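Please read the following explanation alongside the sequence and the three-dimensional structure. It moves from a single helix to the cores, the two chains and their interface.

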Amino acid sequence: MRARVLVPLAAVTFVMVWAPVLVAQAPSGTKSFDPTTIDPDAAIKAAAEAAKAAAATTNWTPPRTSWGHPDLQGYWLLATYTPLERPAALKDKAFYTEEEAIAAFRKAVESDAEVDPRTVHYDWKEYGMDAWQAGAKPNLRTSLIVDPPDGRIPPLTPEAQKRRAAAAAAARARNPAAGVQTFGNLYTRCVLGLGATPLVRGGNPGAESAAAAGGVTAESQIVQTPGYMVIVTQSNNDVRIIPLDGRPHLPDNVRQWLGDARGHWEGDTLVVETTNFNNKSPATNFQGSTDALRLVERFTRVSPNTLRYEYTATDPMTWTRPWSIETPLPRIDPPLYEFACHEQNYGLINVVKGTQIREVEAAKQSQSRPANPGSRADER
Amino acid sequence: MHIRSRGVMLAVASVAAAAMMAVAALAMAALWLAPIRTAGQAPFAGAPRTADGKPSLNGIWQAFTTANIDILAHEAQPGPHPETMGVYGAFPGGQGIVEGNEIPYKPEALAKKKQNFDNRMAVKVTNDPHRYDSGDPELQCYRPGVPRANYMPFPFQIFQNPGEILMVYEFKGAVRTIYMDPHREAPSENWMGWSNGRWEGDTLVVDVTGFNGHTWFDRAGNFASDALHVVERYTPIDASHVMYEATIEDPTVFTRPWKMSFPLYRRMEPNVQLIEFNCVPFVEEMMYAPLGLYKPPSR
């Protein structure tokens, strides 16, 4: 190990052990790689420094566009390792210390970079697509949810509990004729990307494949003109066009996958209200909500390279009260790439065929076994 | 002031009223002469400009031609499955958008165009690149490419900044970013190509490369390869009209470059906006039922 002078990071007292950072030798004829994209330790160090620099920026006024609006433009990363809901073990702890935040970040990065060889998996790391390779940053918050104060989604209404029970029962019923629409979630079908309304879903790599995949292709592009803000996401290249001129929403009978958004400025914060969501059945709407969901997002540029993103989700048919999140979005380099999902959806055929085969197997198994409590047919 | 007579009072009142009206008229003129900043307001003669002095292409635009059916002149046709579709499926005639009404195909490429036309409704979904061997990509809700996206019968919206111009098409929500400053090299092949732009006077010139060779120009089977190179010119002629011209070059398919042109019209309805046209769900039965992979949802 090389002897190094440890650069003192103010108020961070833990010691990082420096292994030699190897710059990957790329095949001849290509350029070498940025260490933060190939070595988790380098990525963790760089992320901690950037997060510290962003946190140290106070009373900062964002520059203006040529027509006088706060400039939110650029490319911003939507991936985070912070979970949506606070882990139960943390109880009421809303904030980590800096040391704990870095440790939690390190744990998430290392778990993300590792791949369980026993599973059928996509090793995103090999493509430079893990969240830590894209520039995800540590967060002092223990959860994205800031309200309710316990950091958890509020209780469901009785109606929503019934809907959820009915959906679970339908999922338990075996369906050998499973098809694209009854099987596939909207991302697998290439109808929608992993996050446009709202932009950030929360990270828990390793928790489930959809959440882990939410860390990849998590870039976004924000463009402003005097009358509009536009957000393009890398995932499925979903586009949200947000008029700022105070026009009314679309009529109530016109429903859209990404809803219908309207924005206005409150000081230096752009407030975006989205309604007119469609009913995505048989897929589920956002967090099990209905098409009555009302989403209010807030965009504030708090430092040169950080956008603060907040949203409040309200659906009286689903939650007993609204709930809100807050998360920082770090700036990243352009460009976005074309995400021609449906054009090249080779995988859907294999995925649906595989599901059909599994469903037939499961139907045979439950026929050959007498039904009793604890049998496979009763499992969720 | 001591008013001597009613007549003088009236005269004073009418002068005052006239003065107020003149002030109001001046204010109105100032409003009319102010540069347009947001879409949806009534435009006036003379294209508005952005803060950096360029013509503003901000707003919602649409072509009104039948070029998406056939970029060459064509008569009205019954369209596919007239026994079911009737007039809903019929195609109107049109005068075409190609200069000289001729596409200079190489002989083998012309044969391929005819083959494309014969197979334009063929849907052969596979899990390999052979899925692009035949069939109009539009039919399956694939990205239309450039220049076809500009003359689809759907509006599109332009968001203009000095560094980047973003174009969003209502059809499938297809997007393209025109890199103005800095220019960027195409990283890979795309359906919508890769666009770098610059201003020549009041004309936006866009150089588009990086095509994947799977896009068609229309429903008539006109096509190009991945060597396609398109140079677009957007020239505003007043606040509501932009003349569009594209030069098409592909040495593997055509014997020489050729041009197309048509006007783009500003959509002027108050509060006009793009309405989602997410066509993926509309084509799932067509694409996946033949493979036994489609089951309509029960609601």
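Why does the distance between the end C-alpha atoms of helix α2 (residues 40-56) of chain A agree with what its 17 residues should span? At 1.5 Å a residue the helix should span 24 Å, and its end C-alpha atoms are 24 Å apart, so the two values agree. The expected span is 1.5 Å times one less than the number of residues. Helices (H or I, at least four residues) and strands (E, at least two) are DSSP runs, numbered from the N terminus.

The model is a predicted one, in which local features need pLDDT of at least 70 and side-chain atom pairs count only at pLDDT 80 or more, while totals for chains, interfaces and linings use all residues. Residues are numbered from 1 along each chain as its sequence is written, and chains are lettered from A and ligands numbered from 1 in the order in which they are written.

The buried residues of α2(A) are Ala43(A), Ile44(A), Lys45(A), Ala47(A), Ala48(A) and Ala51(A). A residue is buried if 20 or more other C-beta atoms lie within 10 Å of its own, exposed if 12 or fewer, and partly exposed in between, with C-beta atoms placed from the backbone. Among the elements that cover these buried residues are α1 (35-38), α3 and α4 (131-134) of chain A.

One residue of α2(A), Ala47(A), is also in contact with Ala136(A). Two residues are in contact if their C-beta atoms, placed from the backbone, lie within 7 Å. Leaving aside neighbours within four places in sequence, the other contacts of Ala136(A) are Leu77(A), Ala79(A), Thr80(A), Tyr81(A) and Ala131(A).

Ala136(A) leads on to the nonpolar cores. A nonpolar core is a set of buried Ala, Val, Leu, Ile, Met, Phe, Trp, Tyr and Cys residues joined through C-beta atoms within 7 Å. The largest such core has 112 residues, and those that touch the most other members are Leu77(A), Leu78(A), Phe105(A), Ala136(A), Met167(B) and Val168(B). Helix α3 (residues 98-113) of chain A contributes the most to this core, with six residues. Another core lies apart from it and has nine residues, including Ala178(A), Leu348(A), Val352(A) and Val125(B).

Taken as a whole, chain A comprises eight helices and 10 strands. Of its 380 residues, 36% are buried. Among contacts in chain A with a separation of 6 or more, residues 24 or more positions apart account for 62%. One approach between positions distant in sequence involves Pro155(A), whose C-alpha atom is 5.9 Å from that of Thr320(A), 165 residues away along the chain. Pro155(A) belongs to the loop between β2 (145-147) and α5 (158-172) of chain A. This proline is exposed because 12 other C-beta atoms lie within 10 Å.

Chain B has five helices and nine strands, and from the N terminus its elements follow the order α-β-α-α-α-β-β-β-β-β-β-β-β-α. Buried residues make up 33% of its 299 residues. Strand β9 (residues 258-266) of chain B runs antiparallel to strand β1 (residues 59-63) of chain B and is joined to it by three bridges; strands pair if DSSP finds at least two bridges between them. In this pairing Gln62(B) stands opposite Tyr265(B). Strand β8 (residues 241-249) of chain B also pairs with β9(B) in the antiparallel sense, over eight bridges, and there Tyr244(B) stands opposite Phe262(B).

How do the two chains meet? Contacts link 43 residues of chain B with 42 residues of chain A. On the chain B side, β2 (156-160), β3 (164-169), β4 (175-179) and α5 (280-288) each supply at least two residues. The largest share, four residues, comes from α5(B). By class, this side has 21 nonpolar, 13 polar and nine charged residues; Ala, Val, Leu, Ile, Met, Phe, Trp, Tyr, Cys and Pro count as nonpolar, Asp, Glu, Lys and Arg as charged, and the others, Gly among them, as polar.

In α5(B), the residues Val280(B), Glu284(B), Met287(B) and Tyr288(B) are buried. They lie on the same side of α5(B), because they cover an arc of only 85° around the axis; the arc is that of the directions from the helix axis to the C-beta atoms. An α-helix has 3.6 residues a turn, so residues three or four places apart point the same way. The buried residues of α5(B) pack against α6 (180-183) of chain A.
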